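This report introduces the interior of a protein model to a reader who has not met it before. It begins with one definition and then turns to the model itself.

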Amino acid sequence: MSQPARKLRLGAYMSGSGVQGDSWRHPDTDTDAYSQFARYRHYAQELERGLFDALFFFDNLFVSTDPIALAHSPGAPRWDPVVLLAGLAGATRHIGLVASVSTTYSEPYNVARAFASLDHLSGGRAGWNLVTSTGGGQNFNRDDHVDHALRYERANEFYDVVTGLWDTHADDAFVRNKATGQWADPSRIRTLDHRGKHFQVRGPLNAPRPVQGWPVIAQAGSSEAGRELAARAGELLYTAAQDIEEARAFYTDVKTRALKYGRKPEHIFILPGVSPIVGRTQSEAEDIYDSLLSHRDPAVALNALTNYASLGIDLASLPFDAKVPLPDHVPETNSHKSRQKLLVDWIRREQPTVRQLYTRFTGGGHRVLVGTPASIADDFQHWFETGAADGFNIMFPSAPVGITSFVDLVVPELQRRGLFRTRYEGRTFRENLGVPPVPNRYFDDHPPRDIASPAGAAPGTSADQPAATTAAIA
């Protein structure tokens, strides 16, 4: 029997405040989604109408106290993503629901319980974005942020504990026999008894085993430690790439690394971030982008870029047509190493003016595509078919208008080309991705081989261009 044709995957990037970057001043952008659940219900239902694979919530555990950012950037307030997704589980039927939860400032038992519960609440549509956090230590009994290497060391053990807890019950552990009075079969439940460098967790989990075996694991690290964790644990990989050759190198690197963990590369989906500005004509798309730019505050955007790249200079004080001065040595951040490197490398290679940097970047290094449905689909198809991406994490320039425009214009073009689904394939997140549920390492007849951990490893032991105009966005 022939295998079904490979399909492009689409995720939707959202923040808990409901706005993307500095788009909040645009007339088409809602500004009250952080407190009005109905806004997100509408966004999620529009994405489901567009047959998106997943709705993904980025999260931070801190609020910037930089006066400019605090006064002008909509980083706060925001929803707790797990709470918000629990509400959206009842408002949607098919779309995957992915929340970022930190391994640095959380405990494995709480995380395992929350995502097992969300998986049941949603009928098998939960996903955990395993992140080490870009900051927040001062809110968790620390004076600083945990060191990058230590964060990833902890993340690997955290992953072992969470996934181990999900396997502490057999699917048939709770017999609920009223006639005999037996609620559970003790032989189908086990403790974890994890004792590692960072965690001591007995178990078992006080929640039933997730519908999918495990919720889908997402991950977004692109540093050396991040790539290794992605190869070991990640199933949806969120990344940033400006250059297609660099994207292909990352794609090949991570999927090759995954082989040593006994994983199937086709069960790993790499989704670079893209912000599409779509119009029915190229001129209309460029007018939409000019309108978006006209509602940006240059000082705020340049302040964010200065801080993100750790340039140590005040870009906002420079003339727009001045070259961006790049110091000989840029101190490496302890936060977002790979994204800082992407931005600094681009400045060093392109030697842009402040204006070029301002119009092409709003922070995190993701591309902007300004074009028609056909030109945006051309770009997606080229990256997809030449080994640079399995799909894209869409960062809408506004909500709800940006979402609806993409669903109405770009999705039909991708479907016309046979690149994207015309209906959901199954009931659960994993079924729609075309990957199997994760077997229970303790109670299934055969031990799992493609479960994002080394074969045979005990979970309780310790073991990281076409026609569209291109630019870049956070």
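A charge is said to sit over a ring if NZ of Lys or CZ of Arg is within 6 Å of the ring centre and within 35 degrees of the ring normal. In this predicted model, Arg190 lies over the face of Tyr442, at 3.8 Å from the ring centre, and the charged end of Arg367 is placed over the ring of Trp383, 3.9 Å from the centre of that ring.

The protein has 474 residues, of which 54% count as buried, and its secondary structure consists of 14 helices and 12 strands. The exposed surface of the protein comes to about 19900 Å², with 52% of it supplied by carbon and sulfur atoms.

In soluble globular proteins, nonpolar side chains tend to be buried together. Here the largest nonpolar core has 75 residues, and the members that touch the most others are Leu10, Phe52, Trp128, Trp166 and Phe380. Helix H5 (residues 148-166) contributes the largest share of this core, with 8 residues. Another core, of 15 residues, lies apart from it and includes Leu302, Ala309, Leu343 and Leu357.

Leaving aside residues up to four places away in sequence, Leu10 touches a set of residues that includes Phe52, Phe380, Phe392, Phe406 and Phe420, as well as Ile394, Val411 and Leu414.

The whole structure holds 18 aromatic pairs, and two of the pairs involve Phe406, as the table sets out.

| Pair | Distance between ring centres | Angle between planes | Arrangement |
|---|---|---|---|
| Phe52 and Phe406 | 5.8 Å | 65 degrees | edge-to-face |
| Phe380 and Phe406 | 6.5 Å | 40 degrees | tilted |

Phe52 is found in the loop between helix H1 (37-49) and strand S2 (54-58), whereas Phe406 belongs to helix H13 (residues 401-416), so their pair ties together parts that are 354 residues apart in sequence. The pair of Phe380 and Phe406 also links distant parts of the chain, since Phe380 lies in helix H12 (residues 373-385) and Phe406 in helix H13, 26 residues apart.

Are these rings buried or exposed? Both Phe52 and Phe406 are buried, the latter at 1% relative accessibility, and Phe380 is buried as well, with a relative accessible area of 0%.

Elsewhere, one aromatic cluster is formed by Phe115, Trp128, Phe158, Tyr159, Trp166, Phe199 and Trp214; Trp128 and Trp166 were also named above among the residues of the largest nonpolar core that touch the most other members.

Terms used: Residues are numbered from 1 along each chain as its sequence is written. This is a predicted model: local features need pLDDT of at least 70, side-chain atom pairs count only at pLDDT 80 or more; totals for chains, interfaces and linings use all residues. Side-chain values use heavy atoms; hydrogens and water are left out. A nonpolar core is a set of buried Ala, Val, Leu, Ile, Met, Phe, Trp, Tyr and Cys residues joined through side-chain atoms within 4.5 Å. Buried means under 20% relative accessible area, exposed over 50%, partly exposed in between (1.4 Å probe, protein chains only). Helices (H or I, at least four residues) and strands (E, at least two) are DSSP runs, numbered from the N terminus. Contact means heavy atoms within 4.5 Å. Accessible areas come from the Shrake-Rupley method with a 1.4 Å probe; for residues, only the protein chains shown count as cover. Rings of Phe, Tyr and Trp (its six-membered ring) pair if their centres lie within 6.5 Å; planes under 30 degrees apart count as stacked, over 60 as edge-to-face and the rest as tilted.
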